[in-house]
Every structure is written in structure tokens, then in C-alpha cells.
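This report describes how a protein and DNA are arranged in one model. Please view the sequence and structure below before reading on.

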2 protein chains.
Amino acid sequence: MTSKRTKLQEDTHFRVLRLLQENPEMSQRELAEAVGVSVGGIHYVLNALIEKGLVKLGNFTAAEDKRRYAYVLTPRGIARKVALTRAFLVRKMEEYEGLKEEIESLQVELDANAEKKLS
Amino acid sequence: MTSKRTKLQEDTHFRVLRLLQENPEMSQRELAEAVGVSVGGIHYVLNALIEKGLVKLGNFTAAEDKRRYAYVLTPRGIARKVALTRAFLVRKMEEYEGLKEEIESLQVELDANAEKKLS
DNA sequence: TTGTTACCGCTCAAAGATGAACGATGTGGA
DNA sequence: TCCACATCGTTCATCTTTGAGCGGTAACAA
């Protein structure tokens with residue numbers, strides 16, 4: 001089994017690839033907000049994705065804004081994202097089931113407590 | 001809105017209180033495993049709970065094992081746990097809904113991709 | 001032109017989380 | 001009895017993550 005940390009990192013990579021495929025002109029801050037990590041963290045994963053050749057820097061279209069980049073998925077980036085999708089989905093479905101069980105057991109607990117108060 | 005970190009900490013406190021109410025003789029390692037944080041982290045929250053008077057150290061029953069403690073909820077600890085339950089449940093239900101949406105959108109994406117391959 | 005404001009990518013000190021290792025204690029077999 | 005081993009709570013060097021703040025650029029108003 002791969003480590004918890006590796007999985008979280010993979011999740012983040014996947015989320016970033018997904019968001020960028022949809023809109024390559026998102027800023028680092030927007031990405032950070034959307035995936036739920038810090039700006040520093042996003043900067044780091046973007047570098048990693050560029051390093052791996054999954055994302056390349058393009059020009060920001062609107063008015064050639066020199067401050068910012070467009071983060072464009074390369075063909076390999078697109079392939080990578082597709083490959084990650086299933087594993088990600090499986091992981092999220094497991095989380096979903098776990099959460100479902102936890103919620104149910106909490107509700108049982110609350111109900112039991114409510115009854116006790118009545119008696 | 002309280003910070004993300006505060007919420008996670010509150011979640012951990014709640015989980016620990018819940019587990020200890022059910023079984024006060026869990027070891028720090030067992031707790032760590034069950035709530036998904038490190039042993040160091042559990043040690044830290046246990047100290048915090050004891051400091052707040054929500055948990056007190058009791059004797060481990062079986063054969064008076066001097067190495068270990070029983071972590072017993074005080075009345076205030078029980079009250080605190082009840083108070084945290086609803087907030088925790090609400091948070092988990094929100095997470096549940098979020099996860100549900102994410103999973104659905106992923107499935108749509110995979111289906112679209114599958115169709116494209118066929119054509 | 002000259003300020004003011006806002007946001008960009010990027011950095012790094014500070015804060016947080018981790019888990020291997022330690023001394024102490026219990027267990028079971030030689 | 002003695003020894004080897006397992007597990008206890010606890011510590012702390014190490015790694016990870018955070019987000020305020022920096023220098024730079026754009027947009028707008030005066």
C-alpha cells in the first residue's frame with residue numbers, strides 16, 4: 001500500500017490537472033483555494049507538474065498580461081490525468097462509504113441520547 | 001468562520017472523546033490508528049483534554065499494569081462530547097454532500113470519455 | 001504623468017505533524 | 001532465576017505545510 005501522504009499528493013496533482021484542463025488561466029491563488037492547499041503548496045506542485053512535462057507555461061491570452069501564466073496541459077498531462085481519474089474515483093468512493101457509516105452511527109447515538117432524556 | 005485547522009483539531013478531540021467513552025483502556029497507539037493521526041499527536045491531544053479536565057487518568061484494570069493508563073471521561077468530558085456531536089455530524093454531512101457531487105461529476109467525465117473512444 | 005490599488009508568481013521563517021527511538025514495565029519460556 | 005521480547009507513554013529531530021510579505025506589473029483616476 002502506498003503511503004497516506006503519497007495518496008494525498010496524488011489527489012492534489014489530479015485536482016490541479018483537472019482544474020487546469022478546464023481553465024488554464026487560473027491563478028495560483030485560485031488553484032490553492034479550489035484544491036484546499038496553501039499558495040506555497042500549489043506553487044510547488046505546479047513546478048513538479050512542469051518538471052514532469054505534464055504542464056507547460058503558455059502566455060496568458062488577455063492583453064498579454066506579463067504577470068501571469070497560462071498553465072496548459074501537455075498531451076502527456078492529459079494522458080496522466082485520465083490515468084489518475086479512476087484511482088481517484090475509487091478513493092473518493094471509499095471515503096464516501098466511510099463517511100456514510102460514520103454519519104449513521106452518529107445519528108444512532110444522537111437518537112439514543114434523545115430517548116434517554118425523555119425517560 | 002473558524003479556521004480549517006481548528007476544525008480538524010475539534011474533529012480529533014471529538015473522535016478521541018468518543019472512543020474513550022466507549023473504551024477508556026485504549027492505548028495511545030490504538031487511538032492514533034483509530035483517529036488517523038500520529039502517536040505524538042494523540043499524546044498531545046490527550047494532554048490537552050486532561051488539562052481541560054475533560055479526561056482524567058485512571059488505573060488500568062487488568063492486573064494493574066503500571067505502564068499504562070485508563071483515560072476516563074469526566075462528567076465535563078461527557079458533556080463536552082455531547083456538545084460536539086451535532087457540530088461534528090453537520091460537518092460530516094457537508095463533507096458527504098461534497099464528496100457525492102465530486103463523484104458524480106467524475107462519473108460523468110468518465111462516461112463522456114468512454115463514448116468518445118467508441119466513436 | 002503620477003499616485004493608488006489590486007493582483008501576479010514566488011519565497012521562506014514559523015508552525016504543525018510525524019514516527020523512530022528511549023527507558024520502563026509486563027510476559028513467557030529456558 | 002534470568003533473558004529475550006512486546007508494548008507502554010513520552011520525547012524530539014526531522015519533514016511538511018502554511019500564508020504573510022516581497023518585487024513586479026496592470027488598471028484606473030486625478
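## DNA strand D

Of the atoms of DNA strand D that lie within 4 Å of the protein, 61% belong to sugar or phosphate, and the rest belong to bases. Around this strand there are 18 residues, and A:Arg67, B:Gln28, B:Arg29, B:His43 and B:Arg67 come nearest; a residue is near a strand if one of its heavy atoms lies within 4 Å of it.

The model is predicted: local features need pLDDT of at least 70, side-chain atom pairs count only at pLDDT 80 or more, and totals for chains, interfaces and linings use all residues. Residues are numbered from 1 along each chain as its sequence is written, chains are lettered from A and ligands numbered from 1 in the order in which they are written, and side-chain values use heavy atoms, with hydrogens and water left out.

## Polar atoms facing strand D

An N or O atom in the side chain of B:Arg29 is 2.6 Å from a base nitrogen of DNA strand D. Phosphate oxygens of this strand are 3.0 Å from such an atom of B:Gln28 and 3.2 Å from one of B:Tyr71. The elements that give two or more residues to the surface near DNA strand D are H3 of chain A, together with helix H2 (28-35) and strand E2 (69-73) of chain B. Helices (H or I, at least four residues) and strands (E, at least two) are DSSP runs, numbered from the N terminus.

By class, this surface has 4 nonpolar, 6 polar and 8 charged residues. Ala, Val, Leu, Ile, Met, Phe, Trp, Tyr, Cys and Pro count as nonpolar, Asp, Glu, Lys and Arg as charged, and the others, Gly among them, as polar.

## DNA strand C

DNA strand C is surrounded by 21 residues, of which the closest are A:Gln28, A:Arg29, A:His43, A:Arg67 and B:Arg67. Sugar and phosphate make up 63% of the strand C atoms that come within 4 Å of the protein.

A side-chain N or O atom of A:Arg29 is 2.6 Å from a base oxygen of DNA strand C. A phosphate oxygen of the strand lies 3.2 Å from a polar side-chain atom of A:Ser27. The residues of the surface near strand C divide into 5 nonpolar, 6 polar and 10 charged, and H3(B) gives the largest share, 3 residues.

Methods: A polar contact is a pair of N or O atoms within 3.5 Å; within protein, one must be able to donate a hydrogen and the other to accept it, and residues adjacent in sequence count only if both atoms are side-chain atoms.
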